[in-house]
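Let's take a walk through a protein together, going from the whole fold down to a few single residues. Have a look at the picture before you read on.

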Amino acid sequence: MNNEVLVIQDEYVYKEETNLTVLKTSRFFSGDGFVVYDCKGQLVFRFDSYGPNTRDKEELVLMNTHGRSLLTLRRKKPSLHQRWEGFKGERKDGDKPIFNVKRSSIIARSRMTITVEVHDNPGVEYLIEGCFPQRCCKIFNATKKLVAEIRRKVDPTTSVMLGKEVFMLCVQPDFDVSFAMGLVLVLDQINGENFFDNGTIETSVHPTTED
C-alpha cells in the first residue's frame, strides 16, 4: 500500500505538530458552522451554514480567514452509504473529485474506515477509529501511523473539560491540516444525519468509485 499522503493545500502542510481549537458556532443544529483557531488564538479556517436544514445542503465549503475556498465537499445523492466527494478549492461544473468519503457499513458502529485514492497516488489509505460525537477520534495512515487526532479540549487554567462544542484537532507534521479539517466537516454531517450521539460509526472514503 502506498505510504504517500493526500495534500489539498500545500500552504497548510507544516513541519511541526499543529494543535487547533475547533468551535462549533451553533449548539442546536449539526453542521451549522465551525471556526478554527491556532494555538495563538488566530483564526485559521471557517465553515458557515445556518439553520435547521443544514443537513439538506449538498455542498460544504471550507474557507480560510479571508473567505477563499480551500476544499469543497459535495454530498452524492442518492447514496445509501452517505457518500461525500472532495474537491480542491471551489468546485466547478466538470471538476473531478480528489477523493470520496462514504460509510462502508450501515450496521457496524465500532470504527470508521477511510480509504483515499488520488490520481498520482492510488491506494493511499486512512483509518479513523473512535467516536466523533464524543470528540474522540484518531486518524491513522496505511502504516498505522497517527496523522491526526480529534479530542476534547481542557481549559488549561482550570483543568476543566469543556463542552463538546469546543474540541481539539491535533495534526502531525507533513499531514495537510486543511484535509484534516475537511474530514471533521464530513464526520459532523454523517453523525448529524444519524444522531449517533452515544455510539460510533464506520465510514470509508473512495475517490472515484460509483455507488
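What follows is a short tour of this structure, starting with the overall fold.

**The overall fold**

Keep in mind that this is a predicted model. What does the secondary structure of the protein come to? It comes to 1 helix and 12 strands. If you read along the sequence, the pattern is β-β-β-β-β-β-β-β-β-β-β-β-α, with the α at the end of the row.

The protein has 211 residues, and 51% of them are buried. There's also plenty of meeting up between distant parts of the chain: of the contacts with a separation of 6 or more, 50% are between residues 24 or more positions apart.

**Strand 6 and its partners**

Let's zoom in on strand 6, which covers residues 84-88. Of its 5 residues, 4 are buried, so the rest of the structure largely encloses this strand.

Which strands pair with strand 6? One is strand 5 (residues 69-75), which runs antiparallel to strand 6 and is joined to it by 5 bridges. Here you can find Thr72 standing opposite Phe87 of strand 6. Another partner is strand 7 (residues 99-101), which also pairs with strand 6 in the antiparallel sense, over 3 bridges. In that pairing, Glu85 has Asn100 of strand 7 as its bridge partner.

**A serine in the helix**

Now for helix 1, which spans residues 177-194 and holds Ser178. Is Ser178 buried or exposed? Ser178 counts as buried, because its relative accessibility is 0%, and the cut-off for buried is under 20%.

The side chain of Ser178 makes a polar contact with the side chain of Asp176, at 2.6 Å. Setting aside neighbours within four places in sequence, Ser178 is in contact with Ile8, Gln9, Tyr12, Phe45, Leu62 and Leu71.

**Cysteines without a bond**

How many disulfides does the count come to? It comes to 0 disulfides. To see why, you need the cut-off: a disulfide takes two cysteine sulfur atoms within 2.5 Å. Here are two of the cysteines, each with its closest cysteine sulfur.

| Cysteine | Closest cysteine sulfur | Sulfur distance | Relative accessibility |
|---|---|---|---|
| Cys131 | Cys137 | 6.7 Å | 9% |
| Cys137 | Cys136 | 6.7 Å | 1% |

Cys131 can't bond with Cys137, because a sulfur distance of 6.7 Å is too far. For Cys137, the closest cysteine sulfur belongs to Cys136, and that is too far for a bond as well, at 6.7 Å. Cys131 counts as buried, and Cys137 does too.

**A pocket and a loop**

The second largest pocket has a volume of about 160 Å³. Its lining includes Tyr14, Glu16, Asp38, Cys39, Lys40 and Val177. Which strand gives the most to this lining? That would be strand 1 (residues 18-24), with 3 residues.

Last stop: Ala142, in the loop between strand 10 (136-141) and strand 11 (146-152). Ala142 is partly exposed, because its relative accessible area is 31%, and partly exposed lies between the 20% and 50% cut-offs. Ala142 and Val5 are 137 residues apart along the chain, and their C-alpha atoms are separated by 9.5 Å.

How values were computed
Residues are numbered from 1 along each chain as its sequence is written. This is a predicted model: local features need pLDDT of at least 70, side-chain atom pairs count only at pLDDT 80 or more; totals for chains, interfaces and linings use all residues. Side-chain values use heavy atoms; hydrogens and water are left out. Buried means under 20% relative accessible area, exposed over 50%, partly exposed in between (1.4 Å probe, protein chains only). Helices (H or I, at least four residues) and strands (E, at least two) are DSSP runs, numbered from the N terminus. Two strands pair if DSSP finds at least two bridges between them. A polar contact is a pair of N or O atoms within 3.5 Å; within protein, one must be able to donate a hydrogen and the other to accept it, and residues adjacent in sequence count only if both atoms are side-chain atoms. Contact means heavy atoms within 4.5 Å. On a 1 Å grid over the protein atoms alone, a cavity is a set of points where a 1.4 Å probe fits but cannot get out, and a pocket is an open set with protein on both sides within 12 Å along at least five of seven lines; lining residues have an atom within 4 Å of a point. Grid points are joined across faces, edges and corners, and a volume is the space filled by probe spheres set on the points.
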